[in-house]
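Welcome, and please get your viewer ready. This tour goes from one selection to the next and says what is there at each stop.

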Amino acid sequence: MEKNSFRKFLPLFDRVLVERCAAETVTKGGIMIPEKAQGKVLQATVVAVGSGARGKDGEIHPVSVKVGEKVLLPEYGGTKIVLEDKDYYLFRDGDILGKYLD
């Protein structure tokens, strides 16, 4: 996604905008996987984050992920958003299950 699109949309509070990774269409052995047999992709790349949630003490607690990191999503949930003909998903920071380390 181009940076111009993010000037039009910025997640608020503890929300995280992600782009799901592409589904596997070919196995490691070279066999084509039909679209109906492809599993739901649970890995995504963070493309934008909010400033964080305000705690009971009034302090802002920053989001635990950064733009560019790969994260593991829950199987269900998230809000689908279409920006410039691409699908993105909005999750709360607490809903993200983990992040992949390099």
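Start by selecting K86: this residue counts as partly exposed because its relative accessible area is 33% (buried means under 20%, exposed over 50%, and partly exposed in between, with a 1.4 Å probe and protein chains only). Before you move on, note that this is a predicted model, in which local features need pLDDT of at least 70 and side-chain atom pairs count only at pLDDT 80 or more, while totals for chains, interfaces and linings use all residues. Residues are numbered from 1 along each chain as its sequence is written, and side-chain values use heavy atoms, with hydrogens and water left out.

**K86 and its partner**

Now add E19 to the selection. The side chains of K86 and E19 form a salt bridge, 3.0 Å from N to O (a side-chain nitrogen of Lys or Arg within 4 Å of a carboxyl oxygen of Asp or Glu). K86 sits in strand β7 and E19 in strand β1, so that the pair links distant parts of the chain, 67 residues apart. Like K86, which is partly exposed, E19 is partly exposed, at a relative accessible area of 24%. Side chains of opposite charge can pair when their charged atoms come close.

**One residue along: D87**

Step to D87 and show K80 with it. Their side chains also meet in a salt bridge, with 3.5 Å between N and O. D87 has 37% relative accessibility and therefore counts as partly exposed. How many salt bridges does the structure hold? There are five, and the next stop visits another.

**The other end of β7**

Select R92 and D14. Here the side chains make a salt bridge of 3.2 Å, N to O. R92 belongs to strand β7 (residues 86–92), whereas D14 lies in the loop between α1 and β1; 78 residues separate these two, and the pair links distant parts of the chain. Is D14 buried or exposed? D14 counts as buried because its relative accessibility is 16%, while R92, at 40%, is partly exposed.

Add R15 to the view: D14, R15 and R92 are linked in a network of salt bridges. The D14 and R92 side chains also register as a polar contact of 3.2 Å (a pair of N or O atoms within 3.5 Å; within protein, one must be able to donate a hydrogen and the other to accept it, and residues adjacent in sequence count only if both atoms are side-chain atoms). To see the surroundings, show G52, A53, V63, F91, R92 and D93, which D14 touches when residues up to four places away in sequence are not counted; contact here means heavy atoms within 4.5 Å.

**Two positive phi values**

Go back one residue to F13, in the same loop between α1 and β1. Its phi is near 55°, a positive value in a residue other than glycine. Most residues other than glycine have a negative phi. F13 counts as exposed because its relative accessibility is 51%.

D85 is the next selection, in the loop between β6 and β7. Phi of D85 is near 65°, again positive in a residue other than glycine. D85 is exposed, at a relative accessible area of 76%.

**The sheet**

Switch to a cartoon. The chain has one helix and eight strands (helices are DSSP runs of H or I with at least four residues, strands are runs of E with at least two, and both are numbered from the N terminus). Six strands form an open sheet in the order β6-β7-β1-β2-β5-β8, with antiparallel pairing; two strands pair if DSSP finds at least two bridges between them. β6 (79–83) and β8 (98–99) stand at the edges with a single partner strand each, so one side of each has no neighbour in the sheet.

Zoom in on β2 (residues 43–49) and β5 (residues 70–72), which pair in the antiparallel sense over three bridges. To find one of the partners, select T45: its bridge partner in β5 is K70.

**The whole chain**

Finally, zoom out. Of the 102 residues, 26% count as buried. Among contacts between residues at least 6 apart in sequence, 62% join residues at least 24 apart.
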